[in-house]
Amino acid sequence: MSFPESSSRPYEECGVFGVWGVPNAAALTALGLHALQHRGQEAAGIVSFDGELFHQHKALGLVGDVFGNQDVIAGLPGEAAIGHNRYGTTGGTHVRNVQPIYADYAFGGLAVAHNGNLTNAATLRKALVQRGCIFHSTMDTEVIVHLIAISLYDTVIERLMDAAKKIKGAYSLITLTPENGMLGMRDPLGVRPLVLGRMPGHEKEKGGWVLASETCALDIIGADYVRDIEPGEIVVINSEGVKSLWPFGEVGRRFCIFEYIYFARPDSVLEGQSVYEVRTRIGSELARESGVDADIVVPVPDSGVPSAIGYAHESGLPYEMGIVRNHYVGRTFIQPTDQVRNLGVKMKHSANRAVLEGRRVILVDDSIVRGTTSRKIVDMVRAAGAKEVHMRITSPPTKHPCFYGIDTPSEKHLLAARHSLEEMCKAINADSLAFISFDGLYRALGREGRPAENHTNCDACFSGDYPITLVDKEGKLIQQ
């Protein structure tokens, strides 16, 4: 997996959503995908099932663009549907790479929506091609589809379990089948999120079940949060209710810690914890660890907002909206010259001179990847008249690439992997720079600090501690 050369932010691969046993399931799925828009803005798709036939619609663009037409929703009948938001990597997104994937098997149809990354996808794909499998996309999700097809087991669930035992990686997925209904699954370490919800008024009925990447997607359709799908668990949802299967035996728990820092919406709940509250506690910890004389605390919106509130409260400094975000910006649509290209950050963020001029400013942001965006933001704040600019980061330094579904650059492009703290500070043109410590981050999660062993979260992008074998990387089958 590679990274857009022009980008300086980490990006989540996608969001997944599914509804079972509810009228107008596709319309509810479109709303759920809208709530998960932050997890992928390049493309969206929905597959519905009306009891006899599957129906699908997917296209490039935002959810509102793809599913804003009532005729499109009307073409997706049924009381069961699954959907997917995608973020595209280098080379752009093509329609063939838009999920959910639908396939016709001898046993019937099956649709799959997948979030995350398989660390042995290239190895499996090579073996599958050699035995005659034909691929129509570049997604690792299609590897799962072929593994189900070639499995020698009889039932769909057995085939899915057989495929699950062959793949390695960090993932959550939702499938839709005529025989078994809607299925949800998380990887054995639960790195990627997946939650179960219930529509009100369905408590005595068999239907009304919802699966989603985050609880904020339950809220938008009025569903009640039931629980997280457990690491290594498969849930089977059909007319008989909800049944759990455990194909992996003993499992662990290494939920992605960056979900708390950046990816999840602040109104979501992860592992029983409010994302907003965790982020404010991160800001408080950061203020205690790296306080500096200043006049105001300013977030880099939007992910920096809760942490900046926590920082301001702990430090006693005023919280100010010194940077205003333009929420109506998608992709940069004009880049004819370097001069215009370098102005791209101003399309998303504008400095509030009335707040910044003559002030010593603490900027709170979630991460530094390449450093190019941080430099542009610091320069923009200085140009608005700030006397000093002190950058505070709510994550430890990002020194290692992620192979588990987050689109980050290779190590040679990560600023923290190549430079000291002082060099990084100079590179982004700040007066001072500080990152939260590992222990501070884990304290914000309610722990005593980062455990020396028996880790409960994946923090490989900071620590280099990869909990899942990187099969393709070790076999040199992925681009570095």
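Strand E18 and strand E21 (residues 360-365) pair in the parallel sense over four bridges, where two strands count as paired if DSSP finds at least two bridges between them. Helices (H or I, at least four residues) and strands (E, at least two) are DSSP runs, numbered from the N terminus. The model is a predicted one, in which local features need pLDDT of at least 70 and side-chain atom pairs count only at pLDDT 80 or more, while totals for chains, interfaces and linings use all residues. Residues are numbered from 1 along each chain as its sequence is written, and side-chain values use heavy atoms, with hydrogens and water left out.

Within the E18-E21 pair, Ile-296 stands opposite Val-361 in E21. Strand E18 (residues 296-299) is covered on both faces. Ile-296 and Val-298 on one side, and Val-297 and Pro-299 on the other, are all buried; buried means under 20% relative accessible area, exposed over 50%, and partly exposed in between (1.4 Å probe, protein chains only).

Strands of a sheet pair through backbone hydrogen bonds, either parallel or antiparallel. Antiparallel pairing is found in an open sheet of six strands with the order E6-E7-E8-E9-E13-E14. Its edge strands, each pairing on one side only, are strand E6 (101-105) and strand E14 (241-245). From one strand to the next, the twist averages 20°. At the E14 edge, strand E13 (residues 234-238) and E14 pair in the antiparallel sense over five bridges, and Ile-237 has Val-242 in E14 as its bridge partner.

Helix H6 (residues 156-166) lies across strand E7 (108-118), strand E8 (169-177), strand E9 (181-186), E13 and E14. The helix runs at about 20° to E9; axes are lines fitted to C-alpha atoms, for helices over the stretch in contact, and angles run from 0 to 180 degrees between N-to-C directions. In the loop between E7 and helix H4 (121-130) is Asn-120, which is buried, with a relative accessible area of 5%. Not counting residues up to four places away in sequence, Asn-120 touches Lys-166, Ile-167, Lys-168, Val-471 and Asp-472, contact being heavy atoms within 4.5 Å.

A second residue to examine is Tyr-276, placed in helix H9 (residues 275-290). At 37% relative accessibility, Tyr-276 counts as partly exposed. With residues up to four places away in sequence left out, Tyr-276 touches Pro-266, Pro-306 and Ile-309. Tyr-276 and Pro-266 are 10 residues apart in sequence and 4.5 Å apart in space, C-alpha to C-alpha.

The structure holds zero disulfides, a disulfide being a pair of cysteine sulfur atoms within 2.5 Å. For Cys-14, the closest cysteine sulfur is that of Cys-402, 13 Å away and therefore too far for a bond. Cys-14 counts as buried at 3% relative accessibility. Cys-216 is likewise in no disulfide, the nearest cysteine sulfur being that of Cys-14, 14 Å away; Cys-216 is buried, with a relative accessible area of 1%.

Cys-402 appears again in the lining of the largest cavity, along with residues including Val-191, Arg-192, Phe-258, Tyr-404 and Asp-459. A cavity is a set of points, on a 1 Å grid over the protein atoms alone, where a 1.4 Å probe fits but cannot get out, and lining residues have an atom within 4 Å of a point. A search of the whole structure finds three cavities of 30 Å³ or more, and about 70 Å³ of space lies in the largest cavity. Grid points are joined across faces, edges and corners, and a volume is the space filled by probe spheres set on the points.

Note on methods: On a 1 Å grid over the protein atoms alone, a cavity is a set of points where a 1.4 Å probe fits but cannot get out, and a pocket is an open set with protein on both sides within 12 Å along at least five of seven lines; lining residues have an atom within 4 Å of a point.
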